[in-house]
Structure formats: structure tokens, C-alpha cells
Amino acid sequence: MNAAPETPAPAPILAAPLFEVQGLSASYGHVAALKPTSFHVHDGELITMLGPNGAGKTTLLRAACGLVKATGGLVRFRGEDITALPTHKLASRGIIMVQEGR
């Protein structure tokens, strides 16, 4: 007897991202250090950013954490726009940047 082929399970519907960056840009003075960049992270997900030195990885994280003022775009945490919140308010929500050791 031939068994019917199994139907693949439908892809799970993902909830809204836990942390979301949309079109975030930043500058150091008059020097544009980060072109508009976007990414999102869902609960339980891990992402990685790779790139050469000077690509803007650290600036992206600094701008997302409020350590560098964003010149464009937005950052959301649990659906709330946190782009303009001061760093101490972000830290109270558990959003911090831990610099790599040297």
C-alpha cells in the first residue's frame, strides 16, 4: 500500500519583532558614519552582523542603544518607538551595549 505524501507543516506565523531597527542612520559631526540600515530580532532569535572594519557595525549598535544620536530611522522595542529615549531609560528596559574586550 502506498502512503500519501506528507504535507509540509505551514510556516509558523511570527509575532511582531522584539527589537526592530528601520532605516537607522547616524553621523559623527558632519561625517555620515551609518547609511540607513534595518534589521529585526524576534524573541528567542540570535542574529549576527558581519563586516570589515569601518563598515558601521559598532555605530549601528551605538545608535540603536542611544549612545550615538540617530540622524534618521527608528528603533522599536516590543512595538514601542524608543528612538529618542535617553540611554538611561533604555538601560532600565534592559537595552545596553557590552563592548568587546581587547
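Three exercises with worked solutions follow, on a predicted model. Local features need pLDDT of at least 70 and side-chain atom pairs pLDDT 80 or more, while totals for chains, interfaces and linings use all residues. Residues are numbered from 1 along each chain as its sequence is written, and side-chain values use heavy atoms, with hydrogens and water left out.

**Exercise 1.** Find the aromatic pair and state which elements hold its two rings.

Solution.
- Step 1: Apply the criterion, under which rings of Phe, Tyr and Trp (its six-membered ring) pair if their centres lie within 6.5 Å. The structure has one such pair, formed by Phe19 and Phe39 with 6.2 Å centre to centre.
- Step 2: Classify the geometry, where planes under 30 degrees apart are stacked, over 60 edge-to-face and the rest tilted. At 40° between the planes, Phe19 and Phe39 are tilted.
- Step 3: Place the rings in strands (DSSP E runs of at least two residues; helices are H or I runs of at least four, and both are numbered from the N terminus). Phe19 lies in strand E1 (residues 19-28) and Phe39 in strand E2 (residues 31-41), so the pair ties together parts 20 residues apart in sequence.
- Step 4: Check burial (buried is under 20% relative accessible area, exposed over 50%, partly exposed in between, with a 1.4 Å probe and protein chains only). Both Phe19 and Phe39 are buried.

**Exercise 2.** Identify the salt bridges and describe the accessibility of Glu20, Arg76, Glu80 and Arg93.

Solution.
- Step 1: Search for a side-chain nitrogen of Lys or Arg within 4 Å of a carboxyl oxygen of Asp or Glu. Two salt bridges are found in the whole structure.
- Step 2: Glu20 pairs with Arg76, with the closest N and O atoms 3.4 Å apart. This pair joins strand E1 to strand E3 (residues 70-77), 56 residues apart. Glu20 is buried at 16%, whereas Arg76 is partly exposed at 26%.
- Step 3: Glu80 pairs with Arg93 at 3.2 Å between the closest N and O atoms. Glu80 lies in strand E4 (residues 80-81) and Arg93 in the segment after helix H2 (87-92), so parts 13 residues apart in sequence are tied together. Both are partly exposed, Glu80 at 35% and Arg93 at 32%.

**Exercise 3.** State which residues line the second largest pocket, and give their classes.

Solution.
- Step 1: Define a pocket: on a 1 Å grid over the protein atoms alone, an open set of points with protein on both sides within 12 Å along at least five of seven lines, a 1.4 Å probe being used; lining residues have an atom within 4 Å of a point.
- Step 2: The lining consists of Ala63, Gly66, Val68, Lys69, Ala70, Thr83, Ala84, Leu85 and Pro86.
- Step 3: Sort by class (Ala, Val, Leu, Ile, Met, Phe, Trp, Tyr, Cys and Pro nonpolar; Asp, Glu, Lys and Arg charged; the others, Gly among them, polar). The result is six nonpolar, two polar and one charged.
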